[in-house]
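User: Hey, I've got a model open and want to poke around in it with you. Can we start with one residue and go from there?

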Amino acid sequence: MIHRFCERFTPDQNVEECLRSSFEEVVRLRQSDLSDRLVEIDAEAATKDLLPLAMNYLRSDLFSRVERARSAVTNQEVHPTGEPGLWSELSFRIRRRLGVLSGAIDKLLVTKTNDKYEVEIIDFKTNRLALQSQASSVTSPQGNTRSSQYAFDFDSEPKQPNNALAIAAHDYQLQMQAYALAIRELVPSFKDSTIRVTLHFLEPNLEFHLADDLLAPPTCEAAIDSAMDDILRSSQPQDFPVNPATHCRTCSFLKVCAAGREFVQSVS
Ligand code: SF4
């Protein structure tokens, strides 16, 4: 719902109405998945719950960047062809040696300065992280007062092992590398552009940027091929050890995973 809201909202709309229509659209599209849970869903309660996340997005620097890009675009192709623009829910498929990788990028923002393209890949995350103490101790490099921004080098271990934010962000490294590789491969004119990856955690309102060296094409290719190789070699339950962490809260397998349920109970 919140993804759909971030995709659709424009400043001429009413925030709550846009949230409600995003909710109705998502429920309509996922009716068969939700089946017997449909009766439990309360549209008003969901809208109320998600309003703070929507407001976080609207107060963020990211929203300002998105709106600047939107107003600069006059005539845009359905798919990026090498021009500045703003795209949402951009699906892709890339072929690798061991298989085909498919995905969808939440937002792609392309600007051009002094004949150079700058490509920003944006992914929204709704993980609810309890970060009060860490967040308050971090200073935004841009001096941004509305949302803090971090850059992580995921090759090194998070400096504070209990840092839920670093751990949560670490889960998305491979996904972001896949997006960066897809953009370079599918839009040849962006091949040598600066690519920036932004993970926008809506609660709390924080941005993360992957370190540039993690987005270099050979690094992305090696990470994806290695993951595909691991998947192909793994066929037994012992090849898939449980990994209880904050991500269990949103895992689709929580109902059938004893280790995940234990973890969630222990921290709640
Ligand atoms: S609930 Fe289980 S399967 Fe899901 S992320 Fe947690 S440990 Fe892994």
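User: Which residues does L62 touch, leaving out those up to four places away in sequence?

Analyst: L62 touches Y57, E120, I122, F124, H200 and E207. Keep in mind that this is a predicted model.

User: How far apart are the C-alpha atoms of L62 and E207?

Analyst: They are separated by 8.3 Å, although the two residues sit 145 residues apart along the chain.

User: Where does L62 sit, and is L62 buried or exposed?

Analyst: L62 belongs to helix α5, which covers residues 61–72. L62 counts as buried because its relative accessible area is 0%.

User: OK, switching to pockets. How much space lies in the largest pocket?

Analyst: The largest pocket holds about 1600 Å³ of space. It is lined by 36 residues, and M1, R30, R37, T126 and T250 are the closest to its centre.

User: What kinds of residues make up that lining?

Analyst: The lining has 15 nonpolar, nine polar and 12 charged residues. Elements that each supply at least two of the lining residues include α2 (15–29), α4 (43–59) and β3 (116–125).

User: Last one: what about helix α8, is it mostly covered or exposed?

Analyst: Mostly covered, with 10 of its 14 residues buried. Among the buried ones are M176, Y179, L181, I183 and R184.

User: And how far does α8 reach?

Analyst: Helix α8 (residues 173–186) reaches 20 Å from its first C-alpha to its last, close to the 20 Å expected at 1.5 Å a residue.

Technical notes
Residues are numbered from 1 along each chain as its sequence is written. This is a predicted model: local features need pLDDT of at least 70, side-chain atom pairs count only at pLDDT 80 or more; totals for chains, interfaces and linings use all residues. Side-chain values use heavy atoms; hydrogens and water are left out. Helices (H or I, at least four residues) and strands (E, at least two) are DSSP runs, numbered from the N terminus. Buried means under 20% relative accessible area, exposed over 50%, partly exposed in between (1.4 Å probe, protein chains only). Contact means heavy atoms within 4.5 Å. On a 1 Å grid over the protein atoms alone, a cavity is a set of points where a 1.4 Å probe fits but cannot get out, and a pocket is an open set with protein on both sides within 12 Å along at least five of seven lines; lining residues have an atom within 4 Å of a point. Grid points are joined across faces, edges and corners, and a volume is the space filled by probe spheres set on the points. Ala, Val, Leu, Ile, Met, Phe, Trp, Tyr, Cys and Pro count as nonpolar, Asp, Glu, Lys and Arg as charged, and the others, Gly among them, as polar. The expected span of a helix is 1.5 Å times one less than its number of residues.
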